[in-house]
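Here is a set of questions about how the labels attached to one structure are earned. Each reply sets a value against the rule it has to meet.

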Amino acid sequence: MAKDIEISTSESKFILEALKQNYRLDNRTFDQFRDVKIQFGEELGDVLIEMGKTKVHCKISSSITEPYEDRPFEGLFFISTESSAMAGPQFENGNNTGEDEVLISRIIEKAVRRSGALDIEGLCIVAGRKCWAIRANVHFLDCDGGFVDASCIAVMCALLHYKKPDITVRGEKIIVHPVEEREPVPLGILHIPICVTFSFFNPMDMEENVKGESNSEIVIIDASLKEELLREGVLTVTLNKNREVVQVSKAGGLPMDALTLMECCHKAYSITETITNQILKEIKIDNEKRDKYSAILSSENARETS
Amino acid sequence: MNVQTGYLQNVDGSCLYSLNSTKVISSVTGPIEPKPRQELPTQLAIEINLRPATGVPTTREITLQDKIRTVITPILASYKFPRQLCQITLQLLQSGETESLFNQLELAACINSTVFALVDSGVPLKNLAIATTIVIDSNNNIIHENITDDILKNNKSVHVIVYQIENNKPSNLLLMDSHGDFDEQDVLKVLEASESNVRQLNKSFREYIQSKLSN
Amino acid sequence: MADVEENVVEVHPVSFPPEILARISPELSLQRHLSLGFRSSSRGFEEFRDVTINTENLTDDKALKDTIKTNNEKQILGSCVLKQGDVFVITHITGGVIEDSTLSPDDIDEEEDAELLEITEENSDITKYTSVYPVVEVNRGRMGACTDEEMITSQRLYDTLLHSKILTKKSLRVDPGVRITNEDGSVEIIYPDTEAKKEITKAMTPKKKWSYVLYAKIEVFGRTGPVYDMCWNSLMFALQSVKLPRAFIDERATDLKMTVRARGRNAIVMETYNLLCDPEESYRLPLRDIGKSFASTYGLIDLDPEADISKLDSAEDEDESMEGEEEEEVKTVLLADIDGEAEETCIKSTISITTCPNGRFRQLSIVGGGSKITRELLQKSIALSKQRSSDLTLKSQQD
């Protein structure tokens, strides 16, 4: 059992009191998502996401394997989310059975894999015989809340960034062309799901069952670690740019007003839109950087041959 | 070499280390309370966890952890903290070599990163340890810098050397891990070449610490 | 034997018999033995344990002849029983066949000028070589998950074997023959390298490629100390005894196709060939001689002058005056073939060398956690390892 982080009574009172007065510790408004910093690594499909102090790294790897027998036309796609003591003392090495960890990995799994964000039929090489297996390795580096949101962005960024090596099927054999030889192929991404997490606080001492106008519940977006420790309810909605709800997850906690759900989805949509645009923009910039390099190379070759 | 210590906030010490295409983050937490089975009655226990850039940890990572442990154990002032634990976690971000064939670049990077993270954490150390990788190619040339995956693949022999740093210079050999085809002369040549590499790394690391402290 | 607490005046001296002292203070017990010039096992400093090797007994020749096995069944291809001191190491090599389905562009070239490749077999490119997959099991009389030691030893064996370039990928290629039924009903197996009926083997050459994979199961019984050397040496002997069966395909199965229907669409799926192993024909696994090597480990330990038995009587009086004196030069001794709990836990500096009989090394690992490793000690251990390697080579030739 890993150490739980403890928060002192005075600090927790301070944070809650501040929330009552519409303040957050990091000076954000309640509906403000932290700025997302996207850094691409040297290799394709290597992305580091920073949201405030939260850092999540995602790396895509691929291999050729046999498809499942009952799904001969589909490739394989895994997301591995294992936490280590690096992210904070609440995580234990080699033990990912904690409630939080299971919840995080399940939400990401549902948001990305089960929503069909990656075109797995496009990973098929020879039906029933050979297919690509794509693996998203999510590494939690530093935890300051919002792991679900950050990892979802990280996985999607990495998938968009990754390109698998080109292949040629020659009869029974598959030739994998090295990246230097042939331009690698990007993965087929069907939509970009973005998770937004809402945290609920009940500033009154007693449980408030009557929902309505007089409700004094506080809803904040993208809680930091300390806020996460104090929250009483949590809701994660996953949307994409097409205004589709991909997933709604509310596992117990403070009961919420049904209408708040609609409101939350609206708020989440505008966040989804900005983040999606940011991701696409940064991917484009990075692609151009890499392309510029190959453009120079190709022009040199043209001169040599002429 | 690129070093950034204090990279993470939830641990006592951390270091983002990159050398050529190998990139690793290390974190150190300690001294903390150990689990009962880890506790040593007279000294500081060490727990090392290494996670690969892709896939799940295998015997390869266990072996690397063991090699890192043999280097870290002698440099820690471990009798100062009986019944305590020092937890070291390493996360590879980019291996820079074909993982199924080699671990030499990662090993050297992990050791250096761990030592720098230990310095960052303030866990008392007796000495520093600095690692380097050396390749002898098929023409018997010693390659001691900018080692790429291709150079590794065409090696005649490949060596990882770790020196203990005492009074600002390499003193004792802590680890030498060599594979391939080589003889006694090669060993001595490699030890010599690595010593100057280690001096260089030590110098740049000290400069980094100095600039960090003066800020 | 001697008093343990002779320096503490207040406490009454307690004495222990040697075997108890070895348990409660292995360090002191070891130092006292060393000061007398021999080790607790009564070996000399540079003396190895005796090794006996038996490589032929376990090979499953009989079973091989009785039944034709399909590629899924493992069978023992080579084995070795090695006894070093009180420790038994039993190695079986088993194998399987896998399909090489992906090819890099290099492999295509290889097909076209395979002969050229043979000339350049000295190619140092590591990707042309392969290893076996060892599983080390140290039996301790209880079940459970594998220990770190087992995993580390297995991985070290794998790495060292790969980097010693003893096994080429090409040597594990399966070159299957074809089993045909002649007009008169008799069944015959033709291999591509036989001159007769060349046209048949040529026409039937399968489009797929297969390779053998070798697994080594190494069991250690009665562990008394570090096991790596014994495992490596045993693996080396076992590999030299490996005989790979020849494989063939039934002519009826050389080009079998099956249609698989899924979700209403049709797709043609190749059925796997029925690759069988020949019960009679087998050949020795080709090993590159250059890679054959043997491992030995040396420990370095500083002699503790205070544990010196010969000085014991005078120690009490000199206790105070000693501090004023100049420090004695530390004497480091080299112990060959570390064994026993005391040596294993107290010796922090070790040198492990895997040496070919010609004096070149395949693997060297130095751990310098304790005594300082000087050049002289390194050279001494190198000389010993060469000697040991040629001794073991001789032994393997005798068998």
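A helix is a DSSP run of H or I with at least four residues, and a strand is a run of E with at least two, each numbered from the N terminus.

Q: How many helices and strands does chain C have under that rule?
A: In this predicted model, eleven helices and 19 strands of chain C meet it. The same rule gives chain A five helices and 14 strands.

Q: What makes B:Leu93 a buried residue?
A: The cut-off for burial is 20 or more other C-beta atoms within 10 Å. B:Leu93 has 22 C-beta neighbours inside 10 Å and therefore counts as buried. This leucine lies in strand β5 of chain B, residues 85-94.

Q: What does B:Leu93 touch, leaving aside residues up to four places away in sequence?
A: With contact set at C-beta atoms within 7 Å, B:Leu93 touches A:Gly41 and A:His57 in chain A, together with B:Lys23, B:Val24, B:Ile25 and B:Ala53 in chain B. One of these partners, B:Lys23, is 70 residues away from B:Leu93 in sequence, while the C-alpha atoms of the two are 5.3 Å apart.

Q: Why is A:Lys281 called exposed?
A: A residue is exposed if 12 or fewer other C-beta atoms lie within 10 Å of its own; A:Lys281 has 11, so the label exposed applies. A:Lys281 belongs to helix α5 of chain A, residues 258-305. From A:Asp257 this lysine is 24 residues away in sequence and 36 Å away in space, C-alpha to C-alpha.

Q: What percentage of residues counts as buried in chain A, and what percentage in chain C?
A: In chain A, 38% of the 306 residues count as buried, and in chain C buried residues make up 34% of 399.

Q: How do you know that β11 and β13 of chain A pair, and in what sense do they run?
A: Pairing asks for at least two bridges found by DSSP, and strand β11 (residues 194-201) is joined to strand β13 (residues 233-239) by seven, so these strands of chain A pair, and they run antiparallel. As an example from this pair, A:Phe198 has A:Leu235 in β13(A) as its bridge partner.

Q: What makes β12 and β14 of chain A edge strands?
A: The sheet is open, with four strands in the order β12-β11-β13-β14 of chain A and antiparallel pairing. Both β12 (218-221) and β14 (245-249) of chain A pair on one side only, and these are the edge strands. From one strand to the next, the twist averages 20 degrees. Helix α2 of chain A, residues 99-113, lies across β11, β13 and β14 of chain A and runs at about 165 degrees to β14(A).

Q: What are the two faces of strand β1 of chain B, covered and uncovered?
A: Strand β1 (residues 2-5) of chain B has B:Val3 and B:Thr5 on its covered face, and B:Asn2 and B:Gln4 on its uncovered face. In a regular strand the side chains alternate between the two faces of the sheet. Four bridges join β1(B) to strand β2 (residues 13-19) of chain B in the antiparallel sense, and B:Cys15 in β2(B) is the bridge partner of B:Thr5.

Q: How do you know that strands of chain B and chain C pair with each other?
A: Against the requirement of at least two bridges, strand β9 (residues 169-182) of chain B and β19(C) have six, and their pairing is antiparallel. Within it, B:Phe182 has C:Phe361 as its bridge partner.

Q: Which element gives the largest share of the side of chain C that touches chain B?
A: The contact takes 28 residues from chain C and 27 residues from chain B. On the chain C side, α6(C) gives the largest share, ten residues. By class, that side has ten nonpolar, eleven polar and seven charged residues.

Q: Where in chain C does the pLDDT stay under 50?
A: It does so over residues 62-74 of chain C, for which the model has 19 contacts beyond four places in sequence. Residues 317-326 of chain C are also below 50, with one contact in the model beyond near neighbours in sequence. Where pLDDT is low, the predicted coordinates should not be read in detail. For chain C the mean pLDDT is 76, and 71% of its residues reach 70 or more.

Definitions and conventions
Residues numbered from 1 in each chain as written. Chains lettered and ligands numbered in written order. Predicted model: local features only at pLDDT ≥ 70, side-chain atom pairs only at ≥ 80, totals over all residues. Contact = placed C-beta atoms within 7 Å. pLDDT = per-residue confidence, 0-100. Axes fitted to C-alpha atoms, helices over the stretch in contact; angles between N-to-C directions. Nonpolar A, V, L, I, M, F, W, Y, C, P; charged D, E, K, R; others polar.
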